Number of protein chains: 2
Amino acid sequence: MNALGRHLLIELQDCDKEVLNDLSFLRDAMVVAAVACGAVVLGESFHRFSPQGVSGVVVMAESHLSIHTWPEYGYAAVDIFTCGTTVEPEKAAEVLIEKLGAKNHSLQEIQRGPLVTV
Amino acid sequence: MNALGRHLLIELQDCDKEVLNDLSFLRDAMVVAAVACGAVVLGESFHRFSPQGVSGVVVMAESHLSIHTWPEYGYAAVDIFTCGTTVEPEKAAEVLIEKLGAKNHSLQEIQRGPLVTV
């Protein structure tokens, strides 16, 4: 049984706290990550919170990439949702782990659309 | 141990296929769902694919809401990621299940940021 989508849920810990608060840096990093995994970027929406933290999403032809950061904890939650066989979501994860300076991380993969046989 | 975020992953099956292909309807439904759970909408990005299918994300003050649809299978993958105690993500799920005419669905909740005690 194949799934329609692959969904990587990534917890990035002990990140560079300044980076986690830098909307411009994070937007660039997310687009670079999307391209690195072979995806086509269609749109994005980012927002910086007061006093800290950034949320952002990149919509891709192959689904989406999202990030929510908590600089006060050095933590970011990243989701990489892809469909199709032309993308390698692990490469997007590698880019973000490196760019955010995450000293620790955990990753789980969930198959989406598992009841559909394709 | 508390988590920073609640993440509902929802598989909507046997949906209204026409609705799954209607970007305008889906964008409105997603915004209504976000508001229904008590969230504040900050931005959105939606895209319709050829020959079919829609992807879209709503960025909220309390994280994000995303949807990817496969009209050919009557299937939609919905994610509701929220933080804070002022929102009830189940209410957003109820809105989308109803508006998309999903005859079947499954839902799993994942705690995000579980290593941080708040």
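Here is a short chat about reading the contact between two chains and the sheet of chain B in a predicted model.

Colleague: How do I read the size of the interface, and what area is buried between chain A and chain B?

Modeller: People often quote the accessible area lost when the parts come together. Here, about 2,800 Å² is buried between chain A and chain B, with carbon and sulfur atoms giving 70% of that. Chain A puts 37 residues into the contact, and chain B puts in 37 residues.

Colleague: And how many salt bridges are there between chain A and chain B?

Modeller: The count is 4 salt bridges. In one, the side chains of A:Asp79 and B:Arg112 meet at 2.9 Å, N to O. There are also 14 residue pairs in polar contact between the chains, counting pairs with both residues at pLDDT 80 or more.

Colleague: Which strand gives the largest share of the side of chain A that touches chain B?

Modeller: That's strand 5 of chain A, with 6 residues. By type, this side of chain A splits into 21 nonpolar, 12 polar and 4 charged residues.

Colleague: Now the sheet. What is the strand order in chain B?

Modeller: Strands of a sheet pair through backbone hydrogen bonds, either parallel or antiparallel. In chain B, the open sheet has 6 strands in the order 2-3-4-5-1-6, and the pairing is antiparallel. Strand 2 (41-48) and strand 6 (104-112) of chain B are the edges, each pairing on one side only. Strand 2 pairs with strand 3 of chain B over 7 bridges, and B:Val41 has B:Met60 as its bridge partner.

Colleague: Which strands of chain B does helix 1 touch?

Modeller: Helix 1 (residues 23-36) of chain B packs on the sheet against strand 2, strand 3 and strand 4. Helix 2 (residues 89-99) of chain B touches strand 1, strand 4, strand 5 and strand 6.

Definitions and conventions
Residues numbered from 1 in each chain as written. Chains lettered and ligands numbered in written order. Heavy atoms only, no water. Contact = heavy atoms within 4.5 Å. Buried area = accessible area lost by both parts, 1.4 Å probe. Polar contact = N/O pair within 3.5 Å; in protein donor to acceptor, adjacent residues only side chain to side chain. Helix = DSSP H or I, 4+ residues; strand = E, 2+ residues; numbered from the N terminus. Nonpolar A, V, L, I, M, F, W, Y, C, P; charged D, E, K, R; others polar. Pairing = 2+ DSSP bridges. Axes fitted to C-alpha atoms, helices over the stretch in contact; angles between N-to-C directions.
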